[in-house]
Amino acid sequence: MGLKVYNTLNGRKEEFVPLTEGRVKMYVCGPTVYDTSHIGHARSVVVFDVIFRWFERLGYEVTYVRNFTDVDDKIIKKSNETGEDCAVITEKYINEFHVEMDALNVRRPTIEPRATGHITHIIDFIRMLIEKGKAYSVEGGDVYFSIDAFKEYGRLSGRNPEDMRAGARIAVDEKKRNPLDFTLWKPAKPGEPFWESPWGKGRPGWHIECSAMSYEYLGEGFDVHGGGKDLIFPHHENEIAQSEALFGRQFVKYWIHNGFVDINNEKMSKSLGNFTMIKEVLAKYPAEVIRMFLLSNHYRSPIDYSEDSMREISLGLDRVYAFLERLDQLGLDQTGIKTGDGHTGSLWEEFAGAMNDDFNSARALACVFDAVKKGNRLLDEAKGGLDEALSKELGLMRSDIRSLAEILGIFLLSPAAYFAAKKEKGMADLAAESGAATPAEIEDLIRQRAEARKARDFKRADEIRDQLQSMKIVLEDGPGGTTWRFE
RNA sequence: GGCGGCUUGGCCAAGUGGUAAGGCGACGGCCUGCAAAGCCGUUAUUCUCCAGUUCAAAUCUGGAAGCCGCCUCCA
């Protein structure tokens with residue numbers, strides 16, 4: 001069963017066949033580094049991180065390029081506001097981006113080029129476009145791409161240039177031959193960063209960097225190009241125009257676009273004041289919960305961020321780790337079945353089926369929950385007496401979860417470490433409140449309760465349990481004694 | 001105005017023309033001193049509505065309603 005990918009270009013799922021057998025070249029639009037990244041950036045990055053991992057898992061040699069836009073009007077504006085040099089600003093936000101994406105367990109792409117590192121490539125690209133009659137420079141130092149020189153313009157976004165011209169929401173610029181023509185190079189105003197070019201001191205327009213850098217690292221045409229849905233028009237439409245006009249061949253075979261993150265069912269926007277930054281979310285929830293949340297819906301659908309949805313995800317994650325802990329306690333780690341030794345079970349088959357169906361991580365997670373339920377049932381029925389067949393089945397399940405954890409980038413901790421971290425977080429929260437209790441005090445209360453239970457003083461035992469409950473501590477009495485955790 | 005998308009149980013949500021995954025919640029049961037956790041069972045005769053194609057439709061076609069996104073910086 002092969003991989004199927006939804007291609008924005010044709011509006012349907014297509015069998016994935018790379019241009020060169022065994023190789024995948026992908027380019028994803030990264031952030032413009034002028035501000036802190038929000039949860040929407042995180043979604044795009046995490047989604048393409050999983051896509052990247054899945055391509056590799058399928059055996060492809062993947063070259064993954066994700067750029068930083070580090071020259072842009074918004075950066076200049078920020079610089080004017082803060083008095084900081086543009087380079088200082090971009091460096092700051094690139095570092096921040098890396099720190100946050102590392103926290104979300106995102107693998108670094110093969111190459112992370114910056115626009116400012118490729119100005120000569122960009123200038124060369126523009127010059128070639130002019131030579132081919134696809135672009136023109138005007139007095140004052142602007143260079144525009146000529147829409148009329150590219151008859152396929154509008155294919156990706158399903159737009160018709162005639163209609164758009166009639167739409168008249170584009171400010172008319174007298175210097176443009178066609179109002180839809182877009183900027184390739186713009187002259188620098190005094191005080192703005194600039195580079196020398198055949199058209200005078202200036203800087204590149206937004207769209208050209210992706211065409212120039214993808215050409216530099218991936219060639220004239222490549223397999224996959226991704227980004228948020230909002231980039232379809234005009235950004236990706238313009239990239240196609242630039243690259244295909246110059247090289248006369250298909251730029252990208254598969255276009256992949258992720259949906260938005262809404263906040264409490266509203267679009268994130270500056271006017272609503274609901275821009276939710278990654279660092280805020282990281283302060284509230286474990287990174288693993290955030291990553292699982294971002295993968296809990298299909299990547300093309302919108303996903304709604306709210307307290308409720310995060311709580312649900314968190315409960316689900318607990319459930320998976322609780323199952324893994326049960327397996328650990330039975331010593332199933334030592335069954336001899338190791339991740340990646342070629343043995344896979346039915347869970348892996350189902351998981352792979354979901355991932356091959358347009359990277360359906362939502363369905364993939366459902367497969368995991370199915371397996372957890374099935375595994376728990378087997379463990380209950382066995383009541384500790386595992387025969388060989390059963391331990392093999394559970395061991396296979398465990399190794400399948402390990403394997404898929406490498407793709408999703410979640411379920412990677414040891415259950416003990418996961419619950420320990422959760423306890424630590426709970427203790428920290430508790431300490432922040434007035435009625436703080438230390439672990440020793442908690443253990444002491446549990447011991448007192450055990451004694452009360454032994455003496456069949458259940459009233460006293462329940463009082464202690466209620467007291468702990470008020471601190472969000474839940475007790476679990478098992479055959480091996482009482483354990484506790486935070487809600 | 002142009003283009004695109006969405007509408008599936010109380011909530012979230014996956015759905016490949018073959019008879020509705022999964023999660024959260026709720027209720028009943030097993031277990032427990034009682035709980036918790038875990039397990040079992042119940043919770044959509046039906047997928048916004050109307051028509052059509054088909055042996056068969058949540059899935060395909062046409063129409064209606066509602067919601068949303070893009071067209072301006074945007075992941």
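Pro234 is found in helix H7, and the peptide bond that leads into Pro234 from Phe233 is cis, with omega near 0°. That makes a handy way into this predicted model, since H7 also turns up in a strand crossover and beside the RNA.

Take the crossover to begin with. Strand S9 (residues 222-228) and strand S10 (residues 252-258) pair in the parallel sense, with six bridges between them. Phe222 sits opposite Val252 of S10 in this pairing. To get from S9 to S10 the chain passes through H7 (residues 232-247), and the resulting β-α-β crossover is right-handed. S9 has another partner in strand S3 (residues 23-28): these two also run parallel, joined by three bridges. Here Met26 has Val224 of S9 as its bridge partner. As for cover, S9 is mostly hidden, with six of its seven residues buried.

A second piece of sheet is simpler to describe. Three strands make up an open sheet in the order S12-S11-S13, with mixed pairing. Strand S12 (266-267) and strand S13 (303-305) are the edges, each pairing on one side only. Strand S11 (residues 261-263) meets S12 in the antiparallel sense over two bridges, and Asp262 has Lys267 in S12 as its bridge partner.

Stepping back to the whole of chain A, the secondary structure adds up to 16 helices and 15 strands. Its C-alpha atoms fill a box of roughly 95 × 55 × 35 Å along the principal axes. Of the 487 residues, 37% are buried. Sequence-distant contacts are well represented: among contacts between residues at least 6 apart in sequence, 73% link residues at least 24 apart.

The chain is divided into domain 1 (4-258), domain 2 (316-413) and domain 3 (417-486). Between domain 1 and domain 2, the C-alpha centres are 40 Å apart. Their contact draws on eleven residues from domain 1 and nine residues from domain 2. On the domain 1 side, strand S1 (4-7) and helix H1 (39-57) each put in at least two residues, and H1 gives the most, with six residues. Sorted by class, that side of domain 1 has five nonpolar, one polar and five charged residues.

H1 is also the home of Ile51. Ile51 counts as buried because 26 C-beta neighbours lie inside 10 Å, where 20 or more are needed. Between the C-alpha atoms of Ile51 and Glu393 there is a separation of 29 Å, the two residues being 342 apart along the chain.

Turning to the RNA, 59 residues lie around RNA strand B, and those that come nearest are Gly40, Gly228, Phe260, Ala366 and Phe458. Several elements give two or more residues to this surface: H1, helix H5 (161-167), S9, H7, helix H10 (307-329), helix H12 (361-382), helix H16 (458-469) and strand S14 (473-478). H12 has the largest share, nine residues. The class make-up of the surface near RNA strand B is 19 nonpolar, 20 polar and 20 charged residues.

Two loop residues round off the picture with their backbone angles. Asn105 has a positive phi of about 60° although it is not a glycine. This residue is placed in the loop between helix H3 (86-103) and helix H4 (119-131). Asn105 counts as partly exposed because it has 16 C-beta neighbours inside 10 Å, a count between the limits of 12 for exposed and 20 for buried. Lys472 is a similar oddity, with phi near 65°, a positive value in a residue other than glycine. Lys472 lies in the loop between H16 and S14, two elements that are among those giving two or more residues to the surface near RNA strand B. With 13 other C-beta atoms within 10 Å, Lys472 is partly exposed.

Definitions and conventions
Residues numbered from 1 in each chain as written. Chains lettered and ligands numbered in written order. Predicted model: local features only at pLDDT ≥ 70, side-chain atom pairs only at ≥ 80, totals over all residues. Helix = DSSP H or I, 4+ residues; strand = E, 2+ residues; numbered from the N terminus. Pairing = 2+ DSSP bridges. Right-handed = clockwise from strand over helix to strand, strands pointing away. Domains from an automatic or database assignment. Contact = placed C-beta atoms within 7 Å. Nonpolar A, V, L, I, M, F, W, Y, C, P; charged D, E, K, R; others polar. Near = placed C-beta within 6 Å.
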